[in-house]
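Student: Hey, I'm new to this one. Can you walk me through a few parts of it?

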Amino acid sequence: MWTIFSRDSSKDFPYEISESPSYGFNEKSLWKLNKGKKKNTTQEVSIFEFLINDDFPGSETRSALAKSAVKHLKTLKHPNILSFLESSEVKSIIYLSTEYVEPLESFISSQNNLHTDIMKQYIAWGISNIIDGLKFLNFEAKLCHNKVNIWSVFVNKAGQWKLGELEYMNSIENSPPSYASGLYCAPGNQRQSQFSIDIWGLGVLIWEVFNGPLSNQSALKNSKKIPKEILTIYPKLIAVDPMNRPSYDTVISTLREQGYFGNDLEKTMTSLSQYHILDDFQRTAFLEKLPSLLETFPKNIALYNVLPSLLEMFNYVKEQKVIFPPMIKLSTMLDDQEFEEKIVPCIIKLFESNDRATRLLLLNSIELYASRLNADLLNTNIFPLLVSGLADASPTIRELTVRSMVHISSKLNYNNLNVELMRHFARLQMKDDQGSIRTNTTVCLGKIAQHLDPKNRSKILTSAFSRALKDPFQPSRMAGVSAFSATQQYYPLIEVSTRVLPALCQVTLDPEKGVRDITFQTIKGFLGKLENVSEDARLKEKLEEEVINTTNPAIPTWAGWAVTTVTSKFYSSKTSQKDEKSIELSKNISNNTNVNNSEQMYSNLIKDNTVKNVYNERQVENINTIQNSLNQKNAMDDSTSSNGWDDDSGWNVGDDWESIGVDNSNSVKDKSDFGWEDQEPILLENSDEAAKKAEAELLKEEMRKKREERKQERIRQLESKRNSKQSLKLGGKRL
């Protein structure tokens, strides 16, 4: 008979009822709507249940209607028609499972105010959904719904309105079924056009959305609650004469002219559904505008409609970096499992890209997803790609990568955090030409100090911050002092007295008063700590135990200001870059002035030998200036070079990073590795005085050769001028 209901056992039906809400729909329909789920899964579905009761009058007709609805729903596929999943006839019950939906009447009645801007946009979009579904039925499927009203429309998780209740559906060539009569029977049945019946039903639906379920047809004339934008077309929708009812295209154009259609929500949904036919410019413009629009959309639409569309587009379009901002913004609504399944593969794919604009997007939004990344996946798949940005040629990429480490440091394993990342930080702090990056490296290290291995933490921090105190960039020195104070709880007392305080004392003569002020404040705090231990020896054991066993010991009052300074925000790169340019410009002007002075003094020396001593003194100053410039240039050489490392700063490439905390007495050191090693960071400045003198002599010789070359060049120019003048005189005689 009906082959689709041939199953005779409930175990063949893969869905089960989980809840039976008391919807008003159940009293108006042949069906009872239940909440359900797929067996052995968490997939939510809706299960329509029809009870076959032969004792009920007209039971055969009712059963035929229910089976007709199942047949039509199974064969019709459209975005605005209820999605069929499975059906089964078990004993005297017909089960019909569909996507999870809620009756429109229940949804509308749960809303407090239908006249807010977002609800106006949402209802307009819903009405356009139903118009699209009816156009498909009437003109493509050649079917007439015959029962369009608030009880035949459902809302899915994505907020989309869908047509159901297809039991009265028939061909447009046939008259409506004789049993389709009563309250929702369209007037003028004898003169119906191809769409007039469902157009009248559309008018009824609009009235019911704003007024509630219809009680009698005469109430349709009361249009006080209907928005004024719809009133221009509404009377025609419910016209008694079918031939006076407008077409769907007329309805759409009229509502668009009145401004009811064409709102941001409808435009966004239309663009998502038609994304594949948009050109590149339209796609980019739409995606760039989307993040700001998402803030005004209902959560269910954003989560179950927009996000799935973006994820689908991500896999086949080239505008992946433009799709990412709205996608990662919406991902905050997903649970951890959904995030890992849907979003993480996209993040990894984008990190694998060599496009700098893509990397900037990832780094700027890392706080939105870093905390949700699985630790194993982060260390294995993402960190190797992320840390490569620390060696990027772009200063912006390097700086943002440094900042990003604050968000992921708590999840990094021992090797990635204490070895790999520290190696990169050492190189940046020592050799990067951008003062802001050197400063923010120090700030970042202060922020992530609590996650470092306690056995090596004090050694790393002391060496790094001591190096920052010698940085020529003032904010970097201030960051070093502040970092010392903010991390005061991580240093053993012996290290405070032998390494920290000596390093800070050298900054008490800093040219900048701001640096000196915070230095004195920090020194007083450390001295007070030592003094307390001196007064009460029992404190020593307690403090040493806290350093080893506690990742975040109590912070004393004197260090509170520094903690706030270090943990609040990073140094602004724009300011630092501006300062760097100013410093560089000053250096260039100074160098040019020095060279010009040298040339002038050399010329004077030829004329008067009595100024020889004065010239020699100033020449030494010029050599020192050039030496400083060369030292800065050497700091940018490849990491395998030894130039710039043996500067008595406590940074020695002789120590292997993997050797931290390991006995390396018999190991061979790799000279290409960077690291903070366990040695005194404050050394005497004349430890390589001989090498500097030798280099200075070479520079003197080089400058002498250059002066000789310039002298010869001037002589050649003078000879050329003389020859030119002679040539002109000779020419004049010939004339």
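**A strand, a pocket and a repeat**

Tutor: Sure, and keep in mind that this is a predicted model. Let's start with strand S8, residues 153-156, which is covered on both faces. Val 153 and Val 155 are buried on one side, and Phe 154 and Asn 156 are buried on the other.

Student: Why do they split between two sides like that?

Tutor: Because side chains in a regular strand alternate between the two faces of the sheet.

Student: OK, which strands pair with S8?

Tutor: Strand S6 (residues 101-103) pairs with S8 in the antiparallel sense, over three bridges. Glu 102 has Val 155 in S8 as its bridge partner. Strand S9 (residues 161-163) also runs antiparallel to S8, joined by three bridges, and there Val 153 is partnered with Leu 163.

Student: How many residues sit between S8 and S9?

Tutor: Four, and the two strands form a hairpin. Gly 159, in the turn, has a positive phi of about 80°.

Student: Switching topic: how much space is in the second largest pocket?

Tutor: About 730 Å³. It has 27 lining residues, and the closest to its centre are Asp 132, Met 269, Thr 270, Ser 273 and Gln 274.

Student: Which helix gives the most to that lining?

Tutor: H9, with six residues. Helices H4, H8 and H11 each supply at least two. By type, the lining has 11 nonpolar, 11 polar and five charged residues.

Student: And where does this pocket lie?

Tutor: Domain 1 (9-101) and domain 2 (104-265) both contribute lining residues, so the pocket lies between them.

Student: Last one: what does UniProt annotate at residues 382-420?

Tutor: The unreviewed entry has "repeat: HEAT" there. In the model, that stretch is 69% helix and 0% strand, with its end C-alpha atoms 14 Å apart.

Technical notes. Residues numbered from 1 in each chain as written. Predicted model: local features only at pLDDT ≥ 70, side-chain atom pairs only at ≥ 80, totals over all residues. Heavy atoms only, no water. UniProt positions renumbered as here; feature names shortened; annotations may be inferred. Buried < 20%, exposed > 50% of the residue type's maximum accessible area, 1.4 Å probe, protein only. Pairing = 2+ DSSP bridges. 1 Å grid on protein atoms, 1.4 Å probe; cavity = no way out; pocket = protein on both sides within 12 Å on 5 of 7 lines; lining within 4 Å. Points joined across faces, edges and corners; volume = space filled by probe spheres on them. Nonpolar A, V, L, I, M, F, W, Y, C, P; charged D, E, K, R; others polar. Domains from an automatic or database assignment.
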